[in-house]
Amino acid sequence: MQRREALAILAGAAVSRPLAARAQQKVMPVIGVLNTGSPGSSSGPFAFRQGLSEAGYVEGQNLAIEYRWAEGHYDRLPALAADLVGRKVDLIMASSPPSALAAKSATSTIPIVFRSGADPVGDGLVASLARPRGNLTGVSFIADELTAKRLELLSELVPRVGVIALLMNPNNATAERVIRDVQEAARTKGLQLHILKASSESEIDTAFASLVQLHAGALVVGADPFLSGRREQLVALASRRAVPSIYAWREFAASGGLISYGPSLTSAFRLVGHYAGKVLKGAKPADLPVQQPTTLELVINLKTAQALGLTIPSSLLQRADQVIE
């Protein structure tokens, strides 16, 4: 072998070694988070990252996360989902049923882990809870189904009120089903029910303004992602207009809302983080049954009750998981 040829081979080997080493290094996985709300509107992302951390993944260390926010505009979700798919993320976390449906329409190969407060089978997300099939799995809990129960609790809290309003987002696929359930519950209790619809901040203002004309003495707020993302606005309006209101999530009561009843959002998003960690480690969504947390929380804000001039029945106080004073 000529000396010049030997030097060329050695030089080539020296260059190829670092290239090979870099190729062998594990690329940091990327999760795309598809959220219906706005940044800071929910504790979900924090709880999701907490679940991921418990599964061994820490953002910025061995994991990257790209966030996409629809800011309450569900029609933006398909484009946001397509963007994440185009960026070839390793997994999509869908924060709600509308997000999950948009993600499912965008890809049949990228794993999707969702958080659903509705019926993932009825919504067409999975084939069954035990055997999801396809590329989706996640955490599902009863939230919409509890809306009628919230009407009953509110009626127990303000027994003299005969007219109650229900605030729903008409863009939610489950809205009509929830409305029918609550109407039936109202008829059973002999209550008059008015349906208010809002899918924007201005429509929320209009809905509250109409409560006086409707003579509605109390309000049930639907468990919708858009409405949940407007927590501060809803609580402030209920306080300003002195309307006793019940919500789905404890975060509302903690922010000054009167009463809430439903599952823990924090626990649900932590479970989603755990599942995302399992998928990143190689588990297939089709092999992971949809989890169903069963713990429900009744939270009462006594300070808000006093401001409204309400006395909380002892029967409700005894059943409360937390009383905020």
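Helix α4, spanning residues 97–106, lies across the strands β1, β3, β4 and β5, and its direction makes about 155 degrees with that of β4; this, like everything that follows, is read from a predicted model. One residue of helix α4 is leucine 101. With a relative accessible area of 30%, leucine 101 counts as partly exposed, because that class covers the values between the limit for buried, under 20%, and the limit for exposed, over 50%. Once its neighbours within four places in sequence are set aside, leucine 101 is in contact with Asp123 and Leu125. Asparagine 35, by comparison, is 66 residues from leucine 101 in sequence, while the two C-alpha atoms are 12 Å apart in space.

The strands over which α4 lies belong to an open sheet of five strands, whose order is β2-β1-β3-β4-β5 and whose pairing is parallel. At the edges stand β2, residues 64–69, and β5, residues 136–140, each of which pairs on one side only. From one strand to the next, the twist averages 20 degrees. Strand β4, made up of residues 112–116, runs parallel to β5 and is joined to it by five bridges; within this pair, valine 113 stands opposite threonine 137 of β5. Another helix, α2, also packs on the sheet, where it touches β1 (30–35), β2 and β3 (91–94), and the direction of α2 makes about 155 degrees with that of β2.

Besides its packing on the sheet, α2 has a helix partner to consider. Two packed helices are described by the angle between their axes and the distance between the axes. For α2 (residues 44–54) and α11 (residues 265–280), the axes come within 7 Å and cross at roughly 40 degrees. The relation of α2 to α11 is therefore oblique, since an angle under 35 degrees would be needed to count as roughly parallel, and one of 65 to 115 degrees to count as roughly perpendicular. The crossing of these two helices, α2 and α11, is right-handed.

On the side of α2, the contact is made by Gly44, Ala47, Phe48, Gln50, Gly51, Leu52 and Glu54, and on the side of α11 by Thr266, Phe269, Arg270, Val272, Gly273, His274, Ala276 and Gly277. Sorted by character, the residues of this contact between α2 and α11 comprise six nonpolar, seven polar and two charged ones, a division in which glycine is placed among the polar residues.

Terms used:
Residues numbered from 1 in each chain as written. Predicted model: local features only at pLDDT ≥ 70, side-chain atom pairs only at ≥ 80, totals over all residues. Heavy atoms only, no water. Axes fitted to C-alpha atoms, helices over the stretch in contact; angles between N-to-C directions. Helix = DSSP H or I, 4+ residues; strand = E, 2+ residues; numbered from the N terminus. Parallel < 35°, antiparallel > 145°, perpendicular 65-115°, else oblique. Left-handed = near helix turned anticlockwise from the far one by under 90°. Contact = heavy atoms within 4.5 Å. Pairing = 2+ DSSP bridges. Buried < 20%, exposed > 50% of the residue type's maximum accessible area, 1.4 Å probe, protein only.
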